[in-house]
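Student: I'd like to go through this model and ask how each label is earned. Could you show it to me?

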Amino acid sequence: MSESTFVVKGMTCSGCMSKVTSAVTGVEGVTDVDVDISNGELTVVSASPVDPDVIRKAVNEAGYEVAS
């Protein structure tokens, strides 16, 4: 199991959280997604490591930006 945490800019509400969750859940290999809008953190769990650039692209396509 692999877990990665990213900081996402621009998430301010539950709608934002839903968009990011939906986008990242669709990434192949991702088994769980946790979004904390209070601190802008996105935690991604997968069976094996997922390329961070793929996560960034999914977040960008949802309309947000990964800060780190």
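Tutor: Gladly! Let's begin with a cut-off: a residue is called buried when its relative accessible area is under 20%, and exposed when that area is over 50%. Bear in mind that this is a predicted model.

Student: Then what makes Ala62 buried?

Tutor: Its relative accessible area is 18%, and buried means under 20%, so Ala62 earns the label. Ala62 sits in the loop between H2 and E4. Leaving aside neighbours within four places in sequence, Ala62 is in contact with Lys19 and Ala23. Its C-alpha lies 15 Å from that of Val33, 29 residues apart along the chain.

Student: Why is Ser2 called buried?

Tutor: Ser2 has a relative accessible area of 14%; with the limit at 20%, Ser2 is therefore buried. Ser2 belongs to strand E1, residues 2-9. Not counting residues up to four places away in sequence, Ser2 touches Val44, Val45, Ser46, Ala47, Ser48 and Pro49.

Student: How do you know that Cys13 and Cys16 form no disulfide?

Tutor: A disulfide needs two cysteine sulfur atoms within 2.5 Å. The sulfur of Cys16 is 3.4 Å from the closest cysteine sulfur, in Cys13, so the pair is too far for a bond. The structure as a whole holds 0 disulfides.

Student: Which of the labels buried, partly exposed and exposed does Cys13 get, and which does Cys16 get?

Tutor: Cys13 has a relative accessible area of 35%, which falls between the 20% and 50% limits, so Cys13 is partly exposed. Cys16 has 7% relative accessibility and therefore counts as buried.

Student: What makes the buried residues of H1 line one face?

Tutor: The buried residues of H1 are Cys16, Val20 and Val24. Seen down the helix axis, they fall within an arc of 50 degrees, so they line one face of H1. The face turned away from that buried side carries the exposed residues Ser14 and Ser22. As for partners, the buried residues of H1 pack against strand E2 (30-36), strand E3 (41-46) and helix H2 (52-61).

Student: How does the span of H1 fit the expected value?

Tutor: H1 (residues 14-25) has 12 residues and reaches 16 Å from its first C-alpha to its last, close to the 16 Å expected at 1.5 Å a residue.

Student: And how do you know that the buried residues of H2 line one face?

Tutor: Ile55, Ala58 and Val59 are the buried residues of H2. Viewed down the axis of H2, they fall within an arc of 100 degrees, so here too the buried residues line one face. On the face turned away from the buried side are the exposed residues Asp53, Lys57 and Glu61. The buried residues of H2 pack against E1, H1, E2, E3 and strand E4 (65-66).

Student: What makes Asp51 a cap for H2?

Tutor: A side-chain oxygen of Asp51 lies 2.9 Å from the backbone nitrogen of Asp53, and a polar contact requires such atoms within 3.5 Å. Asp51 thus caps the N-terminal end of H2. Just after H2, Gly63 takes a positive phi of about 100 degrees.

Student: Which residues touch the most other members of the largest nonpolar core?

Tutor: Of its 19 residues, these are Val20, Val24, Leu42, Ile55, Val59 and Tyr64. The elements giving two or more residues to this core are E1, H1, E2, E3 and H2.

Technical notes:
Residues numbered from 1 in each chain as written. Predicted model: local features only at pLDDT ≥ 70, side-chain atom pairs only at ≥ 80, totals over all residues. Heavy atoms only, no water. Helix = DSSP H or I, 4+ residues; strand = E, 2+ residues; numbered from the N terminus. Expected span 1.5 Å × (residues − 1). Buried < 20%, exposed > 50% of the residue type's maximum accessible area, 1.4 Å probe, protein only. Arc of directions from axis to C-beta. Contact = heavy atoms within 4.5 Å. Core = buried A, V, L, I, M, F, W, Y, C linked by side-chain atoms within 4.5 Å. Polar contact = N/O pair within 3.5 Å; in protein donor to acceptor, adjacent residues only side chain to side chain.
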